[in-house]
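Me: Please take a close look at a single part of this model. I would like one strand and its surroundings, in connected form.

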Amino acid sequence: MKFEDQTYHRILLVFALESEAGNEFEGFRTLFTGVGKVNAAYHLTKAIMEDRPDLIINLGTAGSTAFDRGTVVCCPRFIQRDMDAQALGFQKFETPLSGEPAMLEYGLAPGGMPLGICGSGDQFEMEHRNPEYNVIDMEGYALARVARHEGIDFLCLKYISDGADGNAAADWSQELKRAARSLRAVLAAW
């Protein structure tokens with residue numbers, strides 16, 4: 001796969017769940033981490049140690065109140081949306097004593113795609129009220145952070161499956177098959 005001036009030979013496609021990939025990614029090197037930031041960080045780190053990729057592509061579903069359902073959004077910026085140590089004097093979403101800003105900026109951003117800020121957390125958000133992020137998932141931040149620490153290029157593409165509202169769970173289930181086809185089409189265009 002070629003992206004801008006860089007050619008990649010060892011690409012790892014990372015999904016939370018097999019259902020997000022469907023049958024669209026057979027023949028690709030894939031990793032299914034399970035849901036949540038801990039599972040994502042653990043399984044990606046383990047995969048990197050076993051067979052180091054030169055590009056990690058996170059593909060999956062996400063909610064949004066800013067982007068329409070069915071849109072594929074590229075996320076090169078991330079927030080850990082359930083980190084809140086403001087009572088200790090830290091900025092909202094900042095990991096205490098890490099020396100890192102609350103916003104993680106890491107990832108490729110292909111031209112012509114809508115860009116989002118991914119808020120990752122370990123709860124399924126159904127009442128989005130934070131203006132700091134406009135794409136809601138459960139793994140992206142952890143995957144981007146591991147990729148950055150390991151010095152591996154990273155691309156995050158999220159299919160907007162729901163409005164991060166009271167209908168999110170039902171909408172997400174209905175959109176899974178469309179998500180896999182849409183994400184595959186975006187990759188095929190490169």
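Reply: What follows starts with strand β5 and moves outward to its partners, the core and a helix pair.

This is a predicted model, in which local features need pLDDT of at least 70, side-chain atom pairs count only at pLDDT 80 or more, and totals for chains, interfaces and linings use all residues. Residues are numbered from 1 along each chain as its sequence is written, and side-chain values use heavy atoms, with hydrogens and water left out.

Strand β5 spans residues 55–63. Helices (H or I, at least four residues) and strands (E, at least two) are DSSP runs, numbered from the N terminus. In β5, 9 of 9 residues are buried. Buried means under 20% relative accessible area, exposed over 50%, partly exposed in between (1.4 Å probe, protein chains only). Both faces are covered. One side carries Leu55, Ile57, Leu59, Thr61 and Gly63. The other carries Ile56, Asn58, Gly60 and Ala62.

β5 has pairing partners (two strands pair if DSSP finds at least two bridges between them). With β3 (residues 11–15), the pairing is parallel over 4 bridges. There, Ile11 stands opposite Leu55. With β10 (residues 153–162), β5 pairs in the parallel sense over 9 bridges. Here Ile56 faces Phe154.

Ile56 and Phe154 also belong to the largest nonpolar core, which has 27 residues. Such a core is a set of buried Ala, Val, Leu, Ile, Met, Phe, Trp, Tyr and Cys residues joined through side-chain atoms within 4.5 Å. Ile56, Phe154, Val14, Leu44, Cys75, Phe78 and Val135 touch the most other members. At least two residues each come from β3, α2, β5, β6 (72–80), α3 and β10. The largest share, 6 residues, is from α3. A second, separate core of 21 residues includes Leu59 of β5, along with Tyr8, Leu13 and Leu183.

Leu44 links the strand to the helices. Beyond its neighbours within four places in sequence, Leu44 is in contact (heavy atoms within 4.5 Å) with Leu12, Val14, Leu31, Ile56, Leu143 and Val146.

Leu44 is also one of the α2 residues that meet α3, with Lys37, Ala40, Ala41, Thr45, Ile48 and Met49. α3 contributes Ala142, Leu143, Val146 and Glu150. The axes of α2 (residues 37–50) and α3 (residues 140–150) come within 8 Å and cross at roughly 30°. Axes are lines fitted to C-alpha atoms, for helices over the stretch in contact, and angles run from 0 to 180 degrees between N-to-C directions.
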